[in-house]
Amino acid sequence: MKPHKDQAVDFLHLIVSGKIDEAYKKYVSPDFRHHNPYFPGDADSLKQAMEENDGISPNKTLEVKQTIEEGENVMVYSHIKQKGEDLGAAVVHIFSFHEGKIVEMWDVGQPVPKDSPNENGMF
């Protein structure tokens, strides 16, 4: 079995590429729950939201900047753009795995500002 961080990245790439059913079948546990505050915490509600987002932004991109794996937990830091010309957002996904499946997920994001005084940038 590949490392959990590789599974998490593959899950995100499948979601972004519109292969949401495949991502869920391959990686999501029947006991899955999530902590996105905009949707009910069950797998089906989040999946529906992902499908709706894919319909609105079918050409979105995700560029992974960093992954960290510690035991059953994985953090993926990414630059996500809904459209090519967007500045996008810095997003952190945190996954908890059990027996090779995602059982819990958190996601937090911050828009990339047009003008920032920080010379280091967000990535």
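**Salt bridges, core and helix α3 in a predicted model**

K2, D10 and K26 are linked in a network of salt bridges, a salt bridge being a side-chain nitrogen of Lys or Arg within 4 Å of a carboxyl oxygen of Asp or Glu. Before I go on, please keep in mind that this is a predicted model, in which local features need pLDDT of at least 70 and side-chain atom pairs count only at pLDDT 80 or more, while totals for chains, interfaces and linings use all residues. Residues are numbered from 1 along each chain as its sequence is written, and side-chain values use heavy atoms, with hydrogens and water left out.

Within that network, the side chains of D10 and K26 meet at 3.3 Å, N to O, and the pair links distant parts of the chain, with D10 in helix α1 and K26 in helix α2, 16 residues apart. Helices here are DSSP runs of H or I with at least four residues, strands are runs of E with at least two, and both are numbered from the N terminus. K26 has 40% relative accessibility and therefore counts as partly exposed; the classes are buried under 20% relative accessible area, exposed over 50% and partly exposed in between, with a 1.4 Å probe and protein chains only.

The structure holds six salt bridges, and two others deserve a word. K47 pairs with D21, the closest N and O atoms being 2.6 Å apart; K47 lies in helix α3 and D21 in helix α2, so this bridge ties together parts that are 26 residues apart in sequence. D21 is partly exposed, at 39% relative accessible area. D54 and K60, by contrast, are both buried, and their side chains meet in a salt bridge at 3.7 Å, N to O.

That brings me to helix α3 itself, residues 43–56. At 1.5 Å a residue, its 14 residues should span 20 Å, and the end C-alpha atoms are 20 Å apart, which agrees; the expected span is 1.5 Å times one less than the number of residues. The buried residues of α3 are A43, S45, L46, K47, A49, M50 and D54, and they pack against α1 (4–16), α2 (20–27), β1 (28–34) and β5 (101–111), where contact means heavy atoms within 4.5 Å. At the N-terminal end of α3, D42 acts as a cap, with a side-chain oxygen 3.2 Å from the backbone nitrogen of D44.

Which residues touch the most other members of the largest nonpolar core? Of its 26 residues, they are F11, Y24, F32, M50 and F95; such a core is a set of buried Ala, Val, Leu, Ile, Met, Phe, Trp, Tyr and Cys residues joined through side-chain atoms within 4.5 Å. Helix α1 gives the most to this core, with seven residues.

Finally, the aromatic rings: a search of the whole structure finds five pairs, rings of Phe, Tyr and Trp (its six-membered ring) being paired if their centres lie within 6.5 Å, with planes under 30 degrees apart counted as stacked, over 60 as edge-to-face and the rest as tilted. F11 and Y24 form a tilted pair, 6.3 Å centre to centre with 45° between the planes, and since F11 lies in helix α1 and Y24 in helix α2, the pair ties together parts that are 13 residues apart in sequence. F11 is buried at 1% relative accessibility, and Y24 is buried at 9%. Ring pairs link F11, Y24, F32, F95 and F97 into a cluster.

Conventions. A polar contact is a pair of N or O atoms within 3.5 Å; within protein, one must be able to donate a hydrogen and the other to accept it, and residues adjacent in sequence count only if both atoms are side-chain atoms.
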